[in-house]
Amino acid sequence: MGRVIAPQDNFTRSQTVMPAAARTWVIKRNCSATPRQLALVFGSIIALSMAFGIAFAVLGLWLVLPFAGLELAAVAAAFFVYARHAADYERIQVCGPALEIEQVRGPRRQTWSLPVAWTRVESETTRGRSMRATRCVVVASGATRIEVGNDLTEARRVVFARELRHALRAATSVA
């Protein structure tokens with residue numbers, strides 16, 4: 001692999017020397033909990049919540065138990081969403097005359113193969129969920145526009161866009 005990019009402080013560069021016409025970037029989410037740790041945390045939440053619910057039910061406050069069940073259902077849904085997207089990634093590869101992009105988001109996998117000669121990298125300013133202006137990297141070829149690098153910090157997106165532009169220019173000059 002040419003380069004591996006991960007969000008936050010996991011930005012590492014591979015020492016493998018590759019020709020400029022063959023470069024790869026893999027962008028992954030920064031997930032701090034392993035599935036085992038997630039299961040242990042969820043188990044401890046279940047145990048504690050049910051212990052309180054049962055204790056209050058024994059004291060005659062039986063309505064606490066159904067609300068504890070609702071709370072556990074909400075926490076389970078949040079953990080499920082987290083686990084479903086923990087393995088999301090993007091792979092961007094410049095190889096020969098093509099730029100290949102693979103995006104995995106939950107159960108959905110999308111792939112594109114774009115001609116290097118007709119592909120450009122654009123930086124756009126958008127408003128995200130927090131309504132703050134953020135820069136995103138868009139790979140465009142004809143009518144196809146693909147947003148990449150969403151799991152990177154803004155500073156890493158700038159570096160990634162510069163490296164991708166350079167790799168596309170190098171691949172175009174080789175072809």
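This is a short tour of selections to make in the open structure, with what can be found at each stop. The model is predicted, so that local features need pLDDT of at least 70 and side-chain atom pairs count only at pLDDT 80 or more, while totals for chains, interfaces and linings use all residues. Residues are numbered from 1 along each chain as its sequence is written, and side-chain values use heavy atoms, with hydrogens and water left out.

Begin by selecting residues 35-58, which form helix H1, whose 24 residues reach 34 Å from first to last C-alpha, close to the 34 Å expected at 1.5 Å a residue (helices, H or I of at least four residues, and strands, E of at least two, are DSSP runs numbered from the N terminus; the expected span is 1.5 Å times one less than the number of residues). Within H1, pick out Leu38, Ser49 and Gly53, which are buried (under 20% relative accessible area with a 1.4 Å probe, protein chains only). Next show helix H2 (64-85), which is included in what covers the buried residues of H1, and then step to Gly60, just after H1, where phi is positive at about 100 degrees.

Now move to strand S3 and select Arg91, whose side chain is joined to that of Gln93 by a polar contact of 2.6 Å (a pair of N or O atoms within 3.5 Å, where within protein one must be able to donate a hydrogen and the other to accept it, and residues adjacent in sequence count only if both atoms are side-chain atoms). Leaving aside neighbours within four places in sequence, Arg91 is in contact (heavy atoms within 4.5 Å) with Thr24, Trp25, Val26, Glu100, Ile101 and Glu102.

Technical notes:
Buried < 20%, exposed > 50% of the residue type's maximum accessible area, 1.4 Å probe, protein only.
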